[in-house]
Amino acid sequence: NWRQTGAFGPWLTTADEIPDPHQLAIRTWLNGIMVQEDNTSSMIHKIADLIEYISTFTRLSPGDVIITGSPGGVGKKRNPPLFMKAGDRIEVEIEHVGRLSNVIVESPTDVQSAA
């Protein structure tokens with residue numbers, strides 16, 4: 001993830017709380033408008049395969065989070081492109097896990113470079 005991005009929590013869901021990790025709806029809203037909708041069944045690689053592969057080049061510990069990408073509909077690929085800006089609210093929901101909601105703020109480096 002880029003610096004100052006990749007919010008999680010404040011809690012994580014454990015594997016025993018998920019009936020089937022390969023059948024979870026994923027939805028993203030930007031300012032209340034749904035901009036992404038998919039399902040983990042669309043993932044190219046199964047979770048166990050990802051863990052096995054990543055374990056070949058780094059040590060994994062309980063609580064580690066593996067970032068796998070994003071469903072279709074990312075802003076850069078839209079026509080016209082859709083980028084988040086300060087004040088926008090982004091919400092991501094994964095079935096059986098919950099919804100994370102954040103307001104986009106300018107980073108101090110963005111403010112300095114714009115001055």
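This report walks through a predicted model of one protein, from its overall layout to selected residues.

## Overall layout

The protein has 115 residues. Two helices and four strands make up its regular elements. Read from the N terminus, their order is β-β-α-β-β-α. Strand 1 covers 25–30, and strand 2 covers residues 33–39. Helix 1 spans 47–54, and strand 3 spans 89–94. Strand 4 takes in residues 98–103.

Of the residues, 17% count as buried. The accessible surface is about 9,000 Å². Carbon and sulfur atoms hold 56% of that surface. Contacts also link distant parts of the chain. Among contacts with a separation of 6 or more, 50% are between residues 24 or more positions apart.

## The hairpin of strands 3 and 4

Strand 3 and strand 4 run antiparallel to each other and pair over six bridges. One of the pairings joins Ile94 to Gly98, its bridge partner in strand 4. Three residues lie between the two strands of this hairpin. His96 stands out for its backbone: it has a positive phi near 70°.

His96 also has a neighbour from far off in the sequence. Pro19 sits 77 residues away along the chain, yet the two C-alpha atoms are 8.4 Å apart. Pro19 belongs to the segment before strand 1. Its relative accessible area is 64%, so Pro19 counts as exposed.

## Asp88, a buried acid

Asp88 lies in the loop between helix 1 and strand 3. Its relative accessible area is 5%, so Asp88 counts as buried. What does the side chain of Asp88 join in a polar contact of 3.0 Å? The partner is the side chain of Asn31.

Other parts of the chain also touch this residue. Beyond its neighbours within four places in sequence, Asp88 is in contact with Leu30, Asn31 and Phe83. The same list adds Asn102, Val103 and Ile104.

Asp88 also forms a salt bridge with Lys85. The closest N and O atoms of that pair are 3.2 Å apart. The two partners differ in exposure: Asp88 is buried at 5%, whereas Lys85 is exposed at 52% relative accessible area.

## Gln36 in strand 2

Gln36 is part of strand 2. With a relative accessible area of 9%, Gln36 is buried. Its side chain makes a polar contact of 2.9 Å with the side chain of Thr28. A polar atom of the Gln36 side chain also lies 2.7 Å from the backbone oxygen of Pro71.

Leaving out residues up to four places away in sequence, Gln36 touches residues from several stretches of the chain. Among them are Ile26, Arg27 and Thr28. Ser70, Pro71, Gly72, Gly73 and Val74 are also on the list, as is Arg78.

## Salt bridges

How many salt bridges does a search of the whole structure find? There are five. Side chains of opposite charge can pair when their charged atoms come close.

Arg99 takes part in a salt bridge with Glu91, where the closest N and O atoms are 3.3 Å apart. Arg99 forms another with Glu93, and the closest N and O atoms there are also 3.3 Å apart. Exposure varies across these residues. Arg99 is partly exposed, at 43% relative accessible area. Glu91 is buried, at 14%. Glu93 is partly exposed, at 24%. Shared partners extend the set: Arg27, Glu37, Glu91, Glu93 and Arg99 are joined by salt bridges into one network.

## A nonpolar surface patch

Which residues form a nonpolar patch on the surface? They are Phe8, Leu12, Val65 and Ile67. Together they offer about 380 Å² of accessible area.

One member, Ile67, is found in the loop between helix 1 and strand 3. Asp88 is found in the loop between those two elements as well. Ile67 helps form the surface patch, whereas Asp88 is buried.

Note on methods: Residues are numbered from 1 along each chain as its sequence is written. This is a predicted model: local features need pLDDT of at least 70, side-chain atom pairs count only at pLDDT 80 or more; totals for chains, interfaces and linings use all residues. Side-chain values use heavy atoms; hydrogens and water are left out. Patches are made of residues with over 30% relative accessible area and no salt bridge: like charges are joined within 9 Å, nonpolar side chains (Val, Leu, Ile, Met, Phe, Trp, Tyr) within 5 Å. Accessible areas come from the Shrake-Rupley method with a 1.4 Å probe; for residues, only the protein chains shown count as cover. A salt bridge is a side-chain nitrogen of Lys or Arg within 4 Å of a carboxyl oxygen of Asp or Glu. Buried means under 20% relative accessible area, exposed over 50%, partly exposed in between (1.4 Å probe, protein chains only). Contact means heavy atoms within 4.5 Å. A polar contact is a pair of N or O atoms within 3.5 Å; within protein, one must be able to donate a hydrogen and the other to accept it, and residues adjacent in sequence count only if both atoms are side-chain atoms. Two strands pair if DSSP finds at least two bridges between them.
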